[in-house]
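Student: Got a minute to walk through this one with me? I'd like the fold first, then the charged pairs.
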Amino acid sequence: MAEDPSAAASYTEDDFYCPVCQEVLKTPVRTAACQHVFCRKCFLTAMRESGIHCPLCRGNVTRRERACPERALDLENIMRKLSGSCRCCAKQIKFYRMRHHYKSCKKYQDEYGVSAIIPNFQLSQDSVGNSNRSETSPSDNIETYQENTSSGHPTFKCPLCQESNFTRQRLLDHCNSNHLFQIVPVTCPICVSLPWGDPSQITRNFVSHLNQRHQFDYGEFVNLQLDEETQYQTAVEESFQVNI
């Protein structure tokens, strides 16, 4: 980091990364008691799952914080002043611009995938798991998720070899064993099967993306049958029903 010596003396790069999503903070919020900082969305999601505890240290979080966490405006201001290294290309970027940089960083795209449209790249309907769709809305995705999980864990087709009927873990194992060094732009069938899935989300290094993003089942942590706004409203309502 650089830019402001007095500020840099009290902050490290780790201070600007959310301990939940492991990405640069987006709309950072801070807990009052333990002073831990999270992305607002990550914090609200964690509150829905953990009830009254800080996602990092399990310290108590007040009912008011659970409904309306306090913005860490001081940290936001510092993020506008200080720069850090892109985790993939090492270019120095202002922290508040880091997520925007990821959208154009080729090395980051190769490692983690990014939402993009690749010219002349055609998606087959069955390359995105069992969804069988090309244009989707959040409500379509919720219905599809319900269908795919009605009989247990959803299954997916490997977009690299078209072998089908993989659970998330079996797809992960299959790709690590058979496609570890195969880098082809594809759509992640797991991501598209989620209620917020975007068919235009292209992953340039699919195996790396699986290892980074799909080591666990999202359904174990959030209710995937609810859209984001409904989950937020539910979290707010439930926070008022829990005693401090």
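Tutor: Start with one term: a contact means heavy atoms within 4.5 Å. Also keep in mind that this is a predicted model.

Student: Fine. Among contacts between residues at least 6 apart in sequence, what share joins residues at least 24 apart?
Tutor: That share is 54%.

Student: And how many helices and strands are there?
Tutor: The protein has 11 helices and seven strands.

Student: What percentage of the residues count as buried?
Tutor: 41% of the 244 residues. The exposed surface is about 13,200 Å². Carbon and sulfur atoms supply 48% of that area.

Student: Sheets next. What is the strand order in the open sheet?
Tutor: The order is β2-β1-β3, with antiparallel pairing. β2 and β3, the latter at residues 70-71, stand at the edges. Each has a single partner strand, so one side of each lacks a neighbour in the sheet.

Student: How many bridges join β1 and β2?
Tutor: Three bridges, in the antiparallel sense. Pro 28 stands opposite Cys 39 in β2.

Student: Which helix lies across those strands?
Tutor: α4 does, lying across β1, β2 and β3. It runs at about 145 degrees to β1.

Student: What about the loop between β1 and β2? Which residue should I look at there?
Tutor: Try Thr 31, which lies in that loop.

Student: Is Thr 31 buried or exposed?
Tutor: Thr 31 counts as buried because its relative accessibility is 1%, and the cut-off for buried is under 20%. Leaving out residues up to four places away in sequence, Thr 31 touches His 36, Phe 38, Phe 43, Val 61 and Glu 65.

Student: Phe 43 sounds like core material. Which residues touch the most other members of the largest nonpolar core?
Tutor: Phe 16, Leu 25, Phe 43, Leu 75, Phe 95, Met 98 and Tyr 102. That core has 28 residues in total. The elements giving two or more residues to this core are β2 (37-39), α2 (40-50), α4 (73-81) and α5 (98-102).

Student: Which element gives the most?
Tutor: α2, with four residues. Apart from this core lies another, of 14 residues. Among its members are Phe 156, Cys 175, Cys 191 and Val 207.

Student: Back to Met 98. What does Met 98 touch, not counting residues up to four places away in sequence?
Tutor: Val 24, Gly 84, Ser 85, Cys 86 and Ile 93.

Student: I also see a histidine in α5. Which one is it?
Tutor: His 101 lies in helix α5. His 101 counts as buried, at 10% relative accessibility. With residues up to four places away in sequence set aside, His 101 touches Cys 86, Cys 89, Lys 91 and Ile 93. Cys 86 and Ile 93 also appear among the contacts of Met 98.

Student: Now the charges. How many salt bridges are there?
Tutor: The count comes to four salt bridges.

Student: Which residues are linked in a network of salt bridges?
Tutor: Glu 23, Arg 87 and Arg 213. Arg 87 and Glu 23 meet at 3.9 Å, N to O. Arg 87 is in the loop between β4 (83-85) and β5 (92-94), and Glu 23 is in the loop between α1 (5-8) and β1 (28-30). They are 64 residues apart.

Student: And the other arm, Glu 23 to Arg 213? What is the N to O distance?
Tutor: 2.6 Å. That pair also links distant parts of the chain, 190 residues apart. Arg 213 is in helix α10, residues 206-213.

Student: Is Glu 23 buried or exposed?
Tutor: Glu 23 counts as buried, at 7% relative accessibility. Arg 87 is partly exposed at 33%, and Arg 213 is partly exposed at 24%.

Student: What partners Glu 76 in a salt bridge?
Tutor: Arg 71 does, at 2.7 Å, N to O. Glu 76 is buried, with a relative accessible area of 17%. Arg 71 counts as partly exposed, at 39%.

Terms used:
Residues numbered from 1 in each chain as written. Predicted model: local features only at pLDDT ≥ 70, side-chain atom pairs only at ≥ 80, totals over all residues. Heavy atoms only, no water. Buried < 20%, exposed > 50% of the residue type's maximum accessible area, 1.4 Å probe, protein only. Areas by Shrake-Rupley, 256 points an atom, 1.4 Å probe, with all protein chains shown as cover. Salt bridge = Lys/Arg side-chain N within 4 Å of Asp/Glu carboxyl O. Core = buried A, V, L, I, M, F, W, Y, C linked by side-chain atoms within 4.5 Å. Pairing = 2+ DSSP bridges. Axes fitted to C-alpha atoms, helices over the stretch in contact; angles between N-to-C directions.
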